[in-house]
Amino acid sequence: MGHAGRVIPFTRLSRGDLARVGGKNASLGEMTVRLAAAGVTVPPGFATTAEAYEELLDENELRARMQDQLDRFHDGAALEDVGAGLRSLVMGAPLPGALRDEIGAAYADLGRRLGRTDPEVAVRSSATAEDLPEASFAGQQDTYLNVRGTEQLLDAVHRCFASLFTDRAIDYRERMGFDHLRVALSVGVQSMVRSDLAGAGVMFTLDPESGFPNVVVVSAAWGLGETVVSGRTDPDEYTVFKPSLKDAALDPVIDVRLGAKRRKAVYAQGGLTETVDTTPEERAGRVLTDAEVRRLAEWAVAVEEHYGCPMDLEWAKDGTTGELAIVQARPETVQSRRRSATLRRCRLTGMPGQVLVEGTAVGEAIGAGPVCRLDTPVDLERFPAGGVLVTSITDPDWEPIMKRAAAIVTDHGGRTSHAAIVSRELGVPAVVGTASATLVLEDGAEVTVSCTEGSRGKVYAGLVPYEETETDLAALPATRTRVMLNLADPSAAFRWWRLPADGVGLARLEFIVAHQVKVHPMALLHPERLDTGDRCAVDQLTEGRLDRTRYFTDRLAYGIARIAASRWPDPVIVRTSDFKTNEYAKLLGGRPFEPVEANPMIGWRGASRYYSDGYREGFALECRALRRVRDEMGLTNVIVMIPFCRTLKEADKVLDVMAGEGLRRGENGLKVYVMAEIPANVLLAGDFAERFDGFSIGSNDLTQLTLGVDRDSEALADVFDENDPAVTSLIGLLVPRAQAAGRPVGLCGQRPSDDPAFAAFLVGVGIDSVSVAPDSFAAVKQHVAAAEEGRHGGDRTAPAGIRPAHAQPPSAA
């Protein structure tokens, strides 16, 4: 291999060699040597060293001339002029002869090991000041794929050396405080994985938006991985739950979201790469199977455990062999640097205007300003500080502009695109993958970009008032009464993982059905009853699946699983669907299956549907999704809750139907709760306690049925009062009766958030838990603590036998 100071194979490198070969190459060597036993596959290759780069500078006496260029920059010369001058100096200096010879010899040796002459290789830059735990930026230097032959390889290496002085790299080092001439560049040369014939992508060992640590998130697109990183395609995204990953009997893939995948990068005629359209089959299909996602996630966790920190990895699948490989690994530096004890929250305080465009939300923040629509990153001077950057896609050349933006909006890209990665690093909200921002958003128009409303980011017309707050979570008091969360939107569930909540007191299936399934379950089971228009719409929605019921159970299970995973192993109470008939009828395909009722609020809803001929098949699909989450995915912290159960006979019928679908109380730790929202539930609490494992008070319906007031009636709004003595008396009856039978009682509703006195009343009657919206959690926690101080003094211990036991981890965890 020649002089060890110029070229070193990956097999002789480790992460201790970062100063010699940079972060990328040190990681490739570390994984090659240390993680092969864990099954991690890394394509073979070699690296040039920092000494080789220094030799290039010294032999050609470049340092003084480079310093002159940098002095010009510090004296006010334009960045693009200085960058061009520095790159010209490097490209004008010939590679030292010894380095050329050693690269040629190492390349020939790699070909012999692969059994091919002139094998295709990836040539990647690896600066000694990048991929550090405290400083990592996306794509500061160049990468060349599908490089073949010694001369093409030497040219790519030379260009990588010059890319140490790209405009974005100079700008980055200036901001990070690195001395430009003390940073060296190594070049990694790695056997190409034929992912042009299969797929590639990136993965994080935490959720890249929220920092939630219990998942691996894998992005995947067809072809070479450059389209995922650049944002030129919208990839698939697979979410893997780490605790279930440890048990071979469980399915740890808790969410699958198919991207559009309209473009892919492939080998070009004559070398390098080109981008082409994907086929309709590729757009509709998955890039990875569940088994492949699992293998990648297992590797990612092995790498994370080895390095001792969250990781950002790139992977590729070889289309000729079907084998998977890790091609890059670096520490994740955005979420892992956040203060875990502080919750930063932005929210709109004014009425938002028209939604102009929407896409994938990045950043959990809000930004506002005038639209500045750019086609290329050369217009730095015309971009106003605090403007909203609107463009098709971004690459590293855009970074000097991106750091000046109040928000970023792109036509293309997903959560792992360049725009998403850099916006997180900068702390700038971004909405990516809008498809039409450059067409819809007018240059100079004032807009508000909101990434605080779930997974979909929205761009509103006008400047909408908003506020930013920070909560010191460590300062929140402990409470004897459990304070839980009401969560509806699975896509936003991970956002709240830092809250010290005691679980989820209410997760409503109807929200998942309405927003993620989007079709009436009976319409999937009986399409023959639909009209032509609805049948076509269902066909389009279910993507031509032969088993349409699997579409329903997949979407529902993934939604439930995200919420359950976000609070593992604390209890997550999932309420089965409680649409009213008029609400069900509004779902796609719903009208033929729903009667018209004079008063749907007290009509065919809740438990009465589950055993009836008109909906029993639909309820069976809900049960299958719940069973899949608990038994197959391993999220046994899910508790099932039955709403609006009027009679004991009705309770028995529902439990029989559930048992017939594999959800039997007590099996695999399953608990079944009942909503206490009908006076009968209180009056017969002891009998209901024989059938159910807990109660959750639905204060709105309990008030409605106790006072005989339609809760939606504006004319009777002043009569509807959850604090009415009749309502509070029923609550005061239920709690001790249920607890005497060993059954916990909670309340899920807004009233404890709005009324500290009501929270104090609940504490006074000894309620076991209250469940509130996440944005009310801190205030309610403090209200409850204050009430407990008066009732229990300093005792913050929950009474024995009342608090539901936490779920046990999967068996191998």
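Is A84 buried, exposed or partly exposed? In this predicted model, A84 comes out at 36% relative accessibility, so it counts as partly exposed, since that label covers the range between under 20% for buried and over 50% for exposed. The residue sits in helix 4, which runs over residues 79-91. Its C-alpha atom is 8.1 Å from that of F165, a residue 81 positions away along the chain.

Helix 2 (residues 50-59) has a good deal tucked away: A50, A52, Y53, E55, L56 and L57 are buried there. After this helix comes E61, with a positive phi near 50°.

On to the nonpolar cores. In soluble globular proteins, nonpolar side chains tend to be buried together. Here, the largest such core holds 137 residues, and the members that touch the most others are L288, W315, L635, I642 and M658. Helix 18, spanning residues 548-567, is the top contributor to this core with ten residues. There is also a second core, separate from the largest one, made up of 43 residues. Among its members are A52, V82, L86 and V123; A52 is also one of the buried residues of helix 2.

Then there is a barrel. Seven strands close it, going round in the order 15-19-18-17-16-20-21, with mixed pairing. From one strand to the next, the twist averages 35°. Strands of a sheet pair through backbone hydrogen bonds, either parallel or antiparallel. For strand 16 (residues 366-373) and strand 20 (residues 446-450), the arrangement is antiparallel, with five bridges joining the two. One position to look at is G369, which stands opposite V447 of strand 20.

As for annotation, the unreviewed UniProt entry puts the feature "domain: PEP-utilising enzyme mobile" at residues 383-454. In the model, that span is 24% helix and 22% strand, and the C-alpha atoms at its two ends are 29 Å apart.

Finally, the empty space inside. Searching the whole structure for cavities of 30 Å³ or more turns up three, and the largest of them encloses about 110 Å³. Its lining consists of 17 residues, of which I573, Y673, F695, G746 and S769 are the closest to the centre. Two or more lining residues come from each of strand 23 (482-487), strand 28 (694-697), strand 29 (745-748) and strand 30 (769-772). Strand 29 supplies the most, at four residues.

How values were computed
Residues numbered from 1 in each chain as written. Predicted model: local features only at pLDDT ≥ 70, side-chain atom pairs only at ≥ 80, totals over all residues. Heavy atoms only, no water. UniProt positions renumbered as here; feature names shortened; annotations may be inferred. Buried < 20%, exposed > 50% of the residue type's maximum accessible area, 1.4 Å probe, protein only. Pairing = 2+ DSSP bridges. Axes fitted to C-alpha atoms, helices over the stretch in contact; angles between N-to-C directions. Core = buried A, V, L, I, M, F, W, Y, C linked by side-chain atoms within 4.5 Å. 1 Å grid on protein atoms, 1.4 Å probe; cavity = no way out; pocket = protein on both sides within 12 Å on 5 of 7 lines; lining within 4 Å. Points joined across faces, edges and corners; volume = space filled by probe spheres on them.
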